[in-house]
Every structure is written in structure tokens, then in C-alpha cells.
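Visitor: I'm new to reading protein models. Can you walk me through one?
Guide: Sure, here it comes.

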Amino acid sequence: MIMKKLQRIIDNADSQTLNSARFICVLALVLIFGVVLYRHAKSPRLDERLAIAKTQTAMAVMQPQSQPQNNHEEAGGDIGIETPIINSNQNNNKENSFYANTANPVAPLMVLKDDVNDAASSESLSDFSARVLIAVDAADGSILLKKEMDKKLPIASVTKLMTAIAVLENLNSEEKIKISQTAIDTEGWVGKLIVGEEFLAIDLLRIMLVASSNDAAAAFAEHFEKKNLNLIDIMNEKAKMLGMVNTSFNNPSGLDAQNHYSTAADLARLGIYVANNQTIIKIISQKSVSIFSDNTNILHNALSTNQLLHQNVTEVIGGKTGYTKEARGCILSILNINGRKIISIVLGSEDRFEETKQIIKILKNG
């Protein structure tokens, strides 16, 4: 019955109507077929789906557990070079970061083990002019010597070790840093840089650490500002992460300032972190560096401010010096004593180098 009615409608329709109906049917079939092909093309084949599943499973197994952040409240300048490790997984300006694990750097809380008898330690250090000092085993945080280790003091250019960490963990190794007149005018010791010169970040870092260049540190701060980053905030945040609860940074070079200070214990924590960074270690172990500016090709020869290196004290791996009127002589040293890596801190000393050698002698004979 239905088929007869349909045949009657078709018989009564003119040819134009029939042609239109046929066109609509063909168009509908083409659209349906196109949708099917598109969905098939976008859907992974079985072997691709299996590969994706395997990759996701492997990533889930390898993903490290999130580490708790240190929630402690936050309580200079002194007048080996390694080829940067490239991390191909970094994005934007971190594609050539100084070392490979800095996409989301999480510093371990540096815990010190204080089993030293205060009276005995003070007696052995009674002849030292240093206001405070400490010696710590870098492997386990054991305190070996101490004197007023929690007293807050200015630290001069020892500051630049934290500046270096902030640079390493936030800049591309080949970013170009331009030297401004403001950087050149920075108070204190300068690296004889020239206005308008440009340096690769890794090269300027070498000048800053070896020659203790305040103008290099200021140039880094300006460069961070151009990237909408605050270098001092980054330094203070890193201090919190390391458990440096009695530390405050006000500038990147270590110039005397009311809210710029640290303690021997906090700097020991910083020293342990530095001792595990081969980029910094190779720089601060060098007696001198020769650096060409990137745009003018001017050669800069810089001698280390660390006299222990020039005196060839064999136990000294490297270190960072500091001196200002308020801070007096300061030095953070990384030592190798009887096969143990030791962090030595001397602050407020009349003879930081001689007193570091005395610490070495005490520990060698102890």
C-alpha cells in the first residue's frame, strides 16, 4: 500500500523535482561519508593507542612525589669552567638553562646535625678573631666546629653565591646581558666592565664569582627586571626553601644594608647546596678567568679574590670571599679534608684566609 502511494507520487512529480531530490540524497551521502573518514583519521590506530598507554604508564611510574615546601617565615661586595648542560625539555627562555633540572627547581631542606659541645668548641676557637664561624660535613650536615653560628651578621660578597644560584635556575646560559651605566656606577668593587658591552650569562657569571664584580651582579638584577622578575625576591625565596630562616637579602652584591644579613649556620646550608652544583664549583675553584664580551670582543682578565687558591692550599676546592666595612672579612670555603667534603664559614674576621687554614689544621688533626 505504502509502496503504491510512493510510486504514484514519483509518477506525478516532474523531472526537475526528481533531479533536486536526487541531488539532496547524494549530498547527504557525501557528508555522511566525509564525517566517517574524518573521525577515522583523527582516531589513533590500535598500535598507536597501545603506545600511548604504555608511555602514560611509564610516566606515572617515573613521576617523582611532590616535595613539601618549607613554610618557615623568613626570619658586599668584596672590594673549571663547565660547558652548560642543555635541557631540551625546557620551554621559552629555559630551553638552554644552565643545568637540566631547573624547570621547577625544588631545593631540599638543608638540616644541620648539632652534636658539638659548645664549651669545647669555643675553647678550641678562642684565638680566632672571627665573630662567627662553622664547619659542617657536606655529606650529612654534621657540625664539626662552631662559634656563634646563629648570630645574624652582614655577609658581604658571599651573597653572590645565592645570586649565582638564582641566575643559574632562571636564565638561559646564552642570554645576553647588557652592561648599563647604572650597573657600572654600583658602589664597591667592579669588574672593569664597559657601558654597552654584552656578555653571555654564563660568562658574566664567571666574572661575578671570580672577580667578585658588583657591576656584574647589578647587571643581572637589571636583566631580571627587564624580564619582569625580581632577583632579590627569588634569592629570598630560595633561602626559605633551603631552610635559611635567619637570612635576608637586600641586594645581589652584598653591599651593607640594614636588612641584608645571614648566619654561619644558614650559610652552611647554602654551602651544602652549592657543593652539589658543578657549574658553580668549577667557577669558584679557578684562580683566574679570561672572558670576551660578546658584542665588542674586548678581553677581560679577572683574578680570583680567594687568596687560598693563589696560595695553593691543597685542601681548598673553592670558595667565595667577601669584605665590607661592616662585615669585615668573610669567606665560604668548600674543603676536602681526609676525603670528606667540608663547608667552612668565617664571618667578621681580621684574617679570613689564615683562620680558614687554622680550621683546616684543627679538622685534619681532630
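Visitor: Which strands does helix 13 lie across?
Guide: Helix 13 (residues 352–365) lies across strand 1, strand 2, strand 7, strand 8 (328–337) and strand 9 (340–349). Its angle to strand 8 is about 30°. Axes are lines fitted to C-alpha atoms, for helices over the stretch in contact, and angles run from 0 to 180 degrees between N-to-C directions. Contact means heavy atoms within 4.5 Å.

Visitor: Hang on, what am I looking at?
Guide: This is a predicted model, where local features need pLDDT of at least 70, side-chain atom pairs count only at pLDDT 80 or more, and totals for chains, interfaces and linings use all residues. Residues are numbered from 1 along each chain as its sequence is written, and side-chain values use heavy atoms, leaving out hydrogens and water.

Visitor: How many helices and strands are there?
Guide: The protein has 13 helices and nine strands. Both are DSSP runs numbered from the N terminus: helices are H or I with at least four residues, strands are E with at least two.

Visitor: Back to the sheet. What's the strand order?
Guide: Five strands form an open sheet in the order 2-1-9-8-7, with antiparallel pairing. Strand 2 and strand 7 (316–324) are the edges, and each pairs on one side only. The twist averages 5° from one strand to the next. Two strands pair if DSSP finds at least two bridges between them.

Visitor: How many bridges link strand 1 and strand 2?
Guide: Four, in the antiparallel sense. Alanine 135 has leucine 145 in strand 2 as its bridge partner.

Visitor: New topic. What do strand 5 and strand 6 form?
Guide: A hairpin, with six residues between the two strands. Asparagine 297 in the turn has a positive phi of about 60°. Strand 5 (residues 288–292) and strand 6 pair antiparallel over five bridges. Isoleucine 291 stands opposite histidine 300.

Visitor: Which strand 6 side chains are buried?
Guide: His300 and Ala302, which point to one face. Leu299, Asn301 and Leu303 point to the other face and are not buried. In a regular strand the side chains alternate between the two faces of the sheet. Buried means under 20% relative accessible area, exposed over 50%, partly exposed in between (1.4 Å probe, protein chains only).

Visitor: And alanine 156: buried or exposed?
Guide: Buried, with a relative accessible area of 0%. Alanine 156 sits in the loop between strand 2 (143–147) and helix 5 (160–170).

Visitor: How much of the whole protein is buried?
Guide: Of its 366 residues, 47% count as buried.
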